[in-house]
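Here is a protein to look at with a student's eye. Have the sequence and the 3D view open side by side.

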Amino acid sequence: MRRYGKHTDEDDIRSRPNRKGNRPRTHIRPKHEDAAEGLVLTVDRGRLTCLVDDRVVLAMKARELGRKAAVVGDRVAIVGDLSGRKDTLARIVRIEERTSVLRRTADDDDPYERVVVANADQLAVVTALADPEPRPRLIDRCLVAAFDGGLEPLLVLTKSDLAPADKLLELYGDLDIPYVVTSRAELDSGEAADRVREQLDGRITAFVGHSGVGKTTLVNALVPEERRRTTGHVNAVTGRGRHTTTSALALPLAGAGGWVIDTPGVRSFGLAHVDPSRVIHAFPDLEPGTEGCPRACGHDEPDCALDAWVAEGHADPARLYSLRRLLATRERTEGD
């Protein structure tokens, strides 16, 4: 076997012929400047359903994107067959920069975060006032994820005919979060959908909630043309519903110019990815007070500067309590 030294001649190098006769590979990737713009509506086993102009196009992720995954709500660049005809498949070659992200982890010890929805304007946290009982810690975790990801929260409380909403709303009064309270009768008559729709006009809203709270029933009332299977069953022992929505789906809101994104029901909402320094951005009256905080302050420590900031009258003590309660949910389980 011939060994080459340090100083080899070009004639000494043996090149392998290209038997296929095509051009050799290159690391220079095309820019796809003529790619069409699309919106990801849903993802199913590697196939992405996208809206391109007024056509629904099935696409797959191009190899050059590597491990980067597109999710519902992503704006993407698509090339290939964009006709939307049956048995055609386009390619997603670029994922545009996201304006917001809703992330969660499987639990608080899981280092791998999952992006659930991209580019949503607000997060509608749907919870029942009874059957099943409300879980404030899960609501808190959803709010933290919204603040962390750049989404504005909205509380949607269902089944008010079974229990009053006052006690639960009192927990979130100092956060100034908009809310809608609905009953089953209002849901049946369409009145509930009309009041919720007022909060969704012209916006992209992701709906999240644990199973059995009526989330998908509400989505069906908002977008009757695209009805999804609902549960209607809550386990009498566990007080939890059965998952019926298995994948996130973006649906156009008729007449309001907005979008509704229905997400699968959740039983836990891990916050391992959340940085306290990002959650504070949702509290503009408290944020200036963090300038005197020690480095990497968790805002619940003895030397946190927010205590002095509130004592000096710059913010309401109830607001600081709300912030610390939300941040503390990262160390507690949802069932606490």
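What follows is a short round of questions and answers.

Visitor: What kind of model is this, and how are residues numbered?
Guide: This is a predicted model: local features need pLDDT of at least 70, side-chain atom pairs count only at pLDDT 80 or more, and totals for chains, interfaces and linings use all residues. Side-chain values use heavy atoms, with hydrogens and water left out, and residues are numbered along each chain as its sequence is written, from 1.

Visitor: How many helices and strands are there in the protein?
Guide: Helices (H or I, at least four residues) and strands (E, at least two) are DSSP runs, numbered from the N terminus. By that rule the protein has eight helices and 13 strands.

Visitor: What share of the residues in the protein is buried?
Guide: Buried means under 20% relative accessible area; exposed is over 50%, and partly exposed lies in between (1.4 Å probe, protein chains only). The protein has 336 residues, and the buried ones make up 47%.

Visitor: What is the strand order in the open sheet of six strands?
Guide: Two strands pair if DSSP finds at least two bridges between them. The pairing in this sheet is mixed. The order is 10-9-8-11-13-12.

Visitor: Which strands stand at the edges of the sheet?
Guide: An edge strand here has a single partner strand, so one side of it is left without a neighbour in the sheet. That holds for strand 10 (179-181) and strand 12 (249-253).

Visitor: By what angle are neighbouring strands of this sheet turned against each other on average?
Guide: Axes are lines fitted to C-alpha atoms, for helices over the stretch in contact, and angles run from 0 to 180 degrees between N-to-C directions. For this average, direction is ignored. The value is 25°.

Visitor: What is the bridge partner of valine 125 in strand 9?
Guide: Strand 8 and strand 9 pair in the parallel sense over seven bridges. The partner of valine 125 is leucine 155.

Visitor: Is the crossover from strand 8 to strand 9 right-handed or left-handed?
Guide: The chain goes from strand 8 through helix 1 to strand 9, a β-α-β crossover. Point the strands away from you: if the path from the first strand over the helix to the second runs clockwise, the crossover is right-handed. This one is right-handed.

Visitor: Which residue in strand 10 stands opposite leucine 157?
Guide: Strand 9 and strand 10 run parallel, joined by three bridges. With helix 2 (residues 166-172), they make a right-handed β-α-β unit. Opposite leucine 157 stands valine 181.

Visitor: How many of the seven residues of strand 9 are buried?
Guide: Threonine 158 is found in strand 9. Threonine 158 is buried, with a relative accessible area of 8%. Strand 9 is largely enclosed by the rest of the structure, because its buried residues number six of the seven.

Visitor: At what angle does helix 1 run to strand 8?
Guide: Helix 1 (residues 136-149) lies across strand 8 (122-128), strand 9 (152-158) and strand 11. Its angle to strand 8 is about 175°.

Visitor: Is the pair of phenylalanine 147 and phenylalanine 283 stacked or edge-to-face?
Guide: Rings of Phe, Tyr and Trp (its six-membered ring) pair if their centres lie within 6.5 Å; planes under 30 degrees apart count as stacked, over 60 as edge-to-face and the rest as tilted. The count comes to one aromatic pair. Its centres are 6.0 Å apart and its planes stand at 70°, so the pair is edge-to-face.

Visitor: How far apart in sequence are the parts that this pair ties together?
Guide: Phenylalanine 147 lies in helix 1. Phenylalanine 283 lies in the loop between helix 6 (276-279) and helix 7 (306-311). The parts are apart by 136 residues.

Visitor: Are helix 4 and helix 5 roughly parallel or roughly perpendicular?
Guide: Angles under 35 degrees count as roughly parallel, over 145 as roughly antiparallel, 65 to 115 as roughly perpendicular and the rest as oblique. Helix 4 (residues 191-200) and helix 5 (residues 215-222) pack at about 80°, with their axes 10 Å apart. They are therefore roughly perpendicular.

Visitor: Which residues of helix 5 make the contact with helix 4?
Guide: Contact means heavy atoms within 4.5 Å. Helix 4 brings Ala193, Val196, Arg197 and Leu200. Helix 5 brings Leu218, Ala221 and Leu222.
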